[in-house]
Amino acid sequence: MAIDRADWHWESAENEFRETHGITSELTQEQINQIWLLAGNHIGLFIQWIIDRGFEGEDAVPEDCAKVRARQMTGTEYLMIDCDGKLWESDIREDVLPFVMAYYYVESGEYLAHYTECCLDHDDKPCYGVITDEEGYARLKAKMDEAYDRFVLKR
């Protein structure tokens with residue numbers, strides 16, 4: 001089952017990109033690529049945390065996971081290249097899935113609240129208008145680590 005997919009966010013990301021950059025004409029391939037990264041940013045950061053913690057599924061690409069850990073590839077690039085823009089349950093270790101289901105899904109809203117707080121910095125940046133830097137990821141990672149530790153303690 002898909003947990004999240006960049007294509008679910010494409011239209012919103014495209015609309016924000018066009019509005020932000022005043023684009024009414026056809027998009028270039030470079031602009032399309034940028035929009036895909038914007039549409040998948042929040043998913044990619046989650047995958048980056050999964051990989052950083054060693055929680056990736058059996059089908060993960062070891063070489064690219066090593067690149068993510070070494071910061072030679074972003075989690076969003078991994079999402080787009082190795083996962084075809086889709087985060088599936090199989091991309092995550094089975095024993096970590098209960099946490100993901102409780103934390104990531106919109107029903108709890110905790111992950112998206114943390115993402116908004118840590119990565120958008122309340123600068124009125126649109127949700128799909130930013131590619132998160134290492135500082136933003138570090139803030140988000142700390143929140144995710146806290147949420148995971150709380151979840152594990154409750155079990």
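Trainee: Between which helices is the loop where Glu58 is found?

Mentor: This is a predicted model, in which local features need pLDDT of at least 70 and side-chain atom pairs count only at pLDDT 80 or more, whereas totals for chains, interfaces and linings use all residues. Residues are numbered from 1 along each chain as its sequence is written, and side-chain values use heavy atoms, with hydrogens and water left out. Helices (DSSP runs of H or I, at least four residues) and strands (E, at least two) are numbered from the N terminus, and the loop that holds Glu58 is the one between H2 and H3.

Trainee: Is Glu58 buried or exposed?

Mentor: The cut-offs, set with a 1.4 Å probe and protein chains only, call a residue buried under 20% relative accessible area, exposed over 50% and partly exposed in between. Glu58 has a relative accessible area of 83%, so the word that applies is exposed.

Trainee: What sign does the phi of Arg71 have?

Mentor: Most residues other than glycine have a negative phi. Arg71, in the loop between H3 and H4, is partly exposed at a relative accessible area of 34%. Although Arg71 is not a glycine, its phi of about 65 degrees is positive.

Trainee: What is the phi of Asp84?

Mentor: Asp84 lies in the loop between H4 and E2, and with 56% relative accessibility this residue counts as exposed. Asp84 is not a glycine either, yet it has a positive phi, of about 55 degrees.

Trainee: What is the relative accessible area of Leu87?

Mentor: Leu87 has its place in strand E2, which covers residues 86–88. Contact means heavy atoms within 4.5 Å, and, not counting residues up to four places away in sequence, Leu87 touches Met1, Ala2, Ile3, Asp4, Ile43, Phe46, Ile47, Leu79 and Ile92. Leu87 is classed as buried because its relative accessible area is 1%.

Trainee: Which helix gives the most to the largest nonpolar core?

Mentor: A nonpolar core is a set of buried Ala, Val, Leu, Ile, Met, Phe, Trp, Tyr and Cys residues joined through side-chain atoms within 4.5 Å. The largest one has 36 residues, and those with the most contacts inside it are Phe46, Tyr78, Ile92, Val100 and Tyr111. At least two of its residues come from each of several helices, among them H2 (29–52), H5 (97–103) and H7 (134–154). With seven residues, the helix that gives the most to this core is H2.

Trainee: How many residues has the other core?

Mentor: Val100, leaving aside neighbours within four places in sequence, is in contact with Ile3, Phe46, Ile50, Ile92 and Tyr105. Apart from the largest core lies another, which includes Ala6, Trp10, Ile23 and Ala39, and its residues number ten.

Trainee: What pattern does the chain follow along the sequence?

Mentor: The chain contains seven helices and two strands. Read along the sequence, these elements give β-α-α-α-α-β-α-α-α.

Trainee: What radius of gyration does the chain have?

Mentor: Of the 155 residues, 43% count as buried, and the C-alpha atoms fill a box of roughly 50 × 35 × 30 Å along the principal axes. The radius of gyration is taken over C-alpha atoms, and the globule rule is 2.2 Å times the number of residues to the power 0.38. For 155 residues a compact globule would have a radius near 15 Å, which agrees with the value for the chain, 15 Å.
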